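Got your viewer open and a few colours to spare? Here's a short walk through one protein, selection by selection.

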Amino acid sequence: MAVGALTAAAVAGCSARNQVPSIGYAVDAVIASYNGGSTLGANSGAAAVFPRVLTGFFYTGPQGQPVADTDYGTAKEVPGEAQTIQYRLNPDGVYSDGVPTSCDDLVLEWAARSGRFTKPGPGGPIPLFDAADTTGYADIERVECQPGSKDATVVFRPDRHFLHWKTLFNAADLMPAHVAAQAAGVSNVVGAVQSGDPAAMDKLSQFWNTGWNMKPGNLDTKLFPSSGPYKIDSFSDSDGLVLVRNDKWWGNQPRTPRVVVWPKNTDLKKKIGDKSVGVIDVGAGSVKDLSLNGFDVQQQPGRGAEQLVLSTAGVFASPDARRAFALCVPRQALFDKLGHPGYDQKSGLGSGPLNSRTVQPDSIYYPAIVGPADKYRGGDAGAAQQALGAAKIANPTVRIGYRAPDDRRAQTVAMIADSCKQAGITVVDAGAPDFIPTQLGDKVDAVLGGTAAAPGPSGSLSGVEATAALHGGQGLNFGHYGNGRYDAIADQLAADDNSATVLNLDTEAENLLWSEMPSIPLFDTPRTIAFGDGMEDGIANPTKAGAGWNMDRWVLKR
């Protein structure tokens, strides 16, 4: 706000509210990587923290839908023998370090997410890039791009069609290729990808995998240029992640010059007490006795799926053991007590226990396909004990991990432990402040989290992440579940929207997944989203994008 406007407001009287120059945003993302396309970035909530720092052709809107961001560029499907998308970046687009955005950024993202670049591993080739998932990108035949150009043509393989192409090359996913190139010592990213140069791709992948990792402390901001209205200024435990106005941004200027992101493990009660926070987006009930006086509070069912992701090794190596455990998990009681705080939906999201892993409750297909879940509704200790006996498994111990502290998830584990002990199953609360889902199969046997085991905001309308989390070979598949038939179903659903086909495939998938039990869906993750009194343009977004999806429009007056 201009100094003159501030003076005028002051003269107008003490009762006038003035715009605050900095807004605190508390969100239960972890902030571990700038790179939203990597496994670490996707799981730690890059999509909720950086959607207005790293822009793309689309962003995730409040209903979980992709919304075009024409400030970044335009994308349109054009006629061709194979599915073809024409991308045009904004001619004025430039990173905060002065380097123009270019199709090189798309080429790097495709290379990293395509799965086609591999190295030898103990059991065969393994991906060079630690991508969260390859959905859609793996179907692309080529990205036509002249280095440095503002135009790209993406051509899919002749035998593939990808319905959700608007989920590709999106906000918080498109990384600055020039930074990776300089750090890796590769002069031409486009040339390296097009020629498949093994040495260059190896160096690029090493930087892409970890070069954008973030820890509070001395962050080398040169590695983290912005393509959005905000850029990173600093990151520390004491001062949070400080985002400031990007003076190179070519679109509408952000209305508040500074936003401070306070991640999970912040003392939220203290931050609210000292008025350091104006926006809150956390799991409902995750912070015990949280007082939100002075906030407009919304409790909403999210697009994320609260669930237990099970290991497919150790105590859960057999589907019999996983099914036996599922029988004693009190899904209905968990929903009744923890799954719908402050709302009673008659249908759709948040209206009952979640009975599918990949189809959302407001889908027209949902009522027709969820029959197999009925058997696993009530926490049947007797049936669980019988199933364990039939599988010749005696008195197993199940360690459930989650990112602590989280009061709702601690209560969830306690209720499961209480129900399952009657079946002879010992459930251990393995929640920890430094828990990460890659510990599944080693330090824990199950992860309690949202879609794809995310600790914070998760889920989207397309459900791409939910599907990928069960697909063989995907970074988000922390349980290492593998079933060729499920993979084939998922691949066909990504390409075919014929209603009869979708219904048949969804039905087959549900029967298969409730039999194999790679995870146990509990309920739609409830979210507490709160905007401080005096906030303008605060709009809830209970998806992976979180309330910060439009932070550049926020104005808080006090």
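We'll go from the domains to the interface and then to the empty space inside.

Keep in mind that this is a predicted model. Start by colouring by domain: select 73-170 plus 176-209 for domain 1, 216-299 plus 527-556 for domain 2, and 303-525 for domain 3.

Now keep domain 1 and domain 3 on screen. Their C-alpha centres sit 33 Å apart, and eleven residues of domain 1 are in contact with twelve residues of domain 3. Put a surface on the pair: about 970 Å² is buried between domain 1 and domain 3, with 57% of that on carbon and sulfur atoms. Next, show Ala132, Arg160 and Leu163 as sticks. Together they supply 42% of the area that domain 1 buries against domain 3, more than any other three residues.

What holds for polar contact across this interface? Between domain 1 and domain 3, six residue pairs are in polar contact, both partners at pLDDT 80 or more. Don't go hunting for salt bridges here, though: the rule finds zero across the interface of domain 1 and domain 3. Colour the domain 1 side by class and you get four nonpolar, five polar and two charged residues touching domain 3.

Last stop, the inside. The structure holds six cavities of 30 Å³ or more, and the largest has about 410 Å³ of space. To find that one, select Gly36, Ala42, Ala47, Glu465 and Lys544, the closest to its centre of the 33 residues that line it.

Notes: Residues numbered from 1 in each chain as written. Predicted model: local features only at pLDDT ≥ 70, side-chain atom pairs only at ≥ 80, totals over all residues. Heavy atoms only, no water. Domains from an automatic or database assignment. Contact = heavy atoms within 4.5 Å. Buried area = accessible area lost by both parts, 1.4 Å probe. Salt bridge = Lys/Arg side-chain N within 4 Å of Asp/Glu carboxyl O. Polar contact = N/O pair within 3.5 Å; in protein donor to acceptor, adjacent residues only side chain to side chain. Nonpolar A, V, L, I, M, F, W, Y, C, P; charged D, E, K, R; others polar. 1 Å grid on protein atoms, 1.4 Å probe; cavity = no way out; pocket = protein on both sides within 12 Å on 5 of 7 lines; lining within 4 Å. Points joined across faces, edges and corners; volume = space filled by probe spheres on them.
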